[in-house]
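The following text walks through a predicted model. Please keep the sequence and the coordinates at hand while reading.

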Amino acid sequence: MTLLTKSKYLVGLQCPKYFWVSLHEEDRIPEPDLSTQHKFDQGHIVGQLAKGLFPDGIDIPEADFKKNIAKSKEFVKLGKPLFEAAFMVGNLYSRADILVPAGSKWDIIEVKSGTKVKDVNIQDVSFQKHVYSLAGLNIRKCFLMHVNNEFVKSGEIDPKKFFTKEDITEEVNEAIVGIEERINNLLNVMKSETCPDVKISKDCSDPYDCPLEDDCWGFLPSASIFDLYRGGQKCFKLLEEGILALKDIPHEYKLTDKQGIQHKCEKTGKVHVDKEKLKKFLEGIQKPVYYLDFETFRTAIPILDGTKPYQQIPFQFSLHIDGKHFEFLANDNSDPREKFLVELRTVLGSSGSIIVYNQSFEISRLKELADAYPDYKKWVSEVIDRVVDLWFPFKNFYYYNSEQHGSASIKDVLPAITEKDYSKLKIADGDTAALSYLSMIYADGEDVRKDLLKYCKLDTEAMVWIVKELGKIVK
Ligand code: SF4
């Protein structure tokens, strides 16, 4: 018998097509990527930590769902907190993170690794409450226990301080209205032999990125309306009107200035350059010119004392200056932050521009480091004053090349403006770099270390090449 679980219910609410494929043609769903898997793993670790709040709780995480149901039925009589207790009614199946007895009733506690209550969490708990109620449990209240983003680690993690418990009973009761009809609709989709025809929409990435996007969005041309810079609803309106290619947008259609530049570049095949503004930007760069990039990791449960959940911890930098390259990569599981600062101060001279790409990231990390190590405050503030953001001319479309596909990210700008790209690297993005670092320090991988060094080095090398090309363009 195919079951409607709470995760499938949420998939069904997002999209009936995704729901049907997940039940009938599961092979079409790609394996989660590294970063998605990391989120799942973080959720699991946080869930385990929450169990520590109920020392007399009974854990029922049986892999065999029938055994889990049987044990849950048995343990529910004991009137103790239950972890991962499962109940099934007809085709409906739900497993609770934590069920806590409240007199003759029960409270549902859903544990999440996020830092706030989201709509999808309310839908999740509403399905649980519905199933447990049908199974005969009298539910008193519903809670969402999420990560307290103000928590600061000091020694062993105290789950009482780490979590924030919010009463979501009212919201769940509102969300439960009409649930039977929604469930029946999904059960009909489940029974159907044909996949529902669903058009692409903003739901494809809300609340989660649908893994079938490559399938469903594949009909779009390579330079599509969805490349429009900050296109939002406009893209879906164009789609409704049958316009798919960026170049086919009618001339009279209302576009923003930046979108207008994209449209023109696509139609003419020419590169857009605002020489005056580009020149002014380049003239603002002071010699000697430093090119700097940071890599960071973050975890739901902080690893280091003095840090918060999901705080970005810098572990690596790359610096190019006058043809020379300097780099730092922490190599053990001790706190890398002070070593990072010491090394950075050694190689970053006292004058000249410091070019970064998307300055808010590097500046925020520098400020956090200064807060953690106040001796560096003055120096950090001087460093910040020297920062120049190479993202600026691209996000403001001083230069635009249709090869960028509406993006001002360095990963898209580099191949558009030079012949080079990131494709040959084993580590080619920040998320993978962070996860690779964590795996390196815990699994001691020399190959990973080399790949991390190559990746971060390319981030600053890319800026050197881009500035060089811009210099040629404005001549
Ligand atoms: S990509 Fe969009 S339309 Fe396709 S299955 Fe996913 S949510 Fe549905």
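**Ligand shell, sheets and helix packing**

Around the ligand stand Gln-14, Cys-15, Lys-17, Tyr-18, Val-198, Ile-200, Asp-203, Cys-204, Cys-210, Leu-212, Glu-213 and Cys-216. Two or more residues of this shell come from each of the elements α2 (16-24) and α9 (213-216). Sorted by class, the shell holds eight nonpolar residues, one polar residue and three charged residues.

For orientation along the chain, the domain assignment divides the protein into domain 1 (4-191), domain 2 (220-270) and domain 3 (279-474). The centres of domain 1 and domain 2, taken over C-alpha atoms, are separated by 42 Å.

One open sheet is built from six strands, in the order β2-β3-β6-β7-β8-β9, with mixed pairing. Its edge strands are β2 (58-59) and β9 (163-167), and each of these pairs on one side only. Within the sheet, β7 (residues 105-111) and β8 (residues 139-147) run parallel and are joined by six bridges. Trp-106 has Ile-139 of β8 as its bridge partner. Helix α3 (residues 34-51) lies across β2, β3 (82-83), β6 (98-102), β7, β8 and β9, and runs at about 140 degrees to β7.

Another open sheet has five strands in the order β13-β12-β11-β14-β15, and here too the pairing is mixed. The strands β13 (324-329) and β15 (387-389) each have a single partner strand, so one side of each is left without a neighbour in the sheet. On average, and with direction ignored, neighbouring strands of this sheet are turned by 25 degrees against each other. Strand β11 (residues 290-297) runs parallel to strand β14 (residues 354-356), and two bridges join them. Tyr-290 stands opposite Ile-354 in β14.

The last topic is a helix pair. Helix α14 (residues 359-372) packs against helix α15 (residues 377-385) at an angle of about 170 degrees, and their axes are 9 Å apart. Angles over 145 degrees count as roughly antiparallel, and α14 and α15 are therefore roughly antiparallel to each other. On the α14 side, the contact is made by Ile-363, Leu-366, Lys-367, Leu-369 and Ala-370. On the α15 side, Lys-377, Val-380, Val-383 and Ile-384 take part. By class, the residues of the contact of α14 with α15 are seven nonpolar, no polar and two charged.

Key. Residues are numbered from 1 along each chain as its sequence is written. This is a predicted model: local features need pLDDT of at least 70, side-chain atom pairs count only at pLDDT 80 or more; totals for chains, interfaces and linings use all residues. Two strands pair if DSSP finds at least two bridges between them. Helices (H or I, at least four residues) and strands (E, at least two) are DSSP runs, numbered from the N terminus. Two residues are in contact if their C-beta atoms, placed from the backbone, lie within 7 Å. Axes are lines fitted to C-alpha atoms, for helices over the stretch in contact, and angles run from 0 to 180 degrees between N-to-C directions. A residue is near a molecule or strand if its C-beta atom, placed from the backbone, lies within 6 Å of it. Ala, Val, Leu, Ile, Met, Phe, Trp, Tyr, Cys and Pro count as nonpolar, Asp, Glu, Lys and Arg as charged, and the others, Gly among them, as polar. Angles under 35 degrees count as roughly parallel, over 145 as roughly antiparallel, 65 to 115 as roughly perpendicular and the rest as oblique. Domain bounds come from an automatic or database domain assignment.
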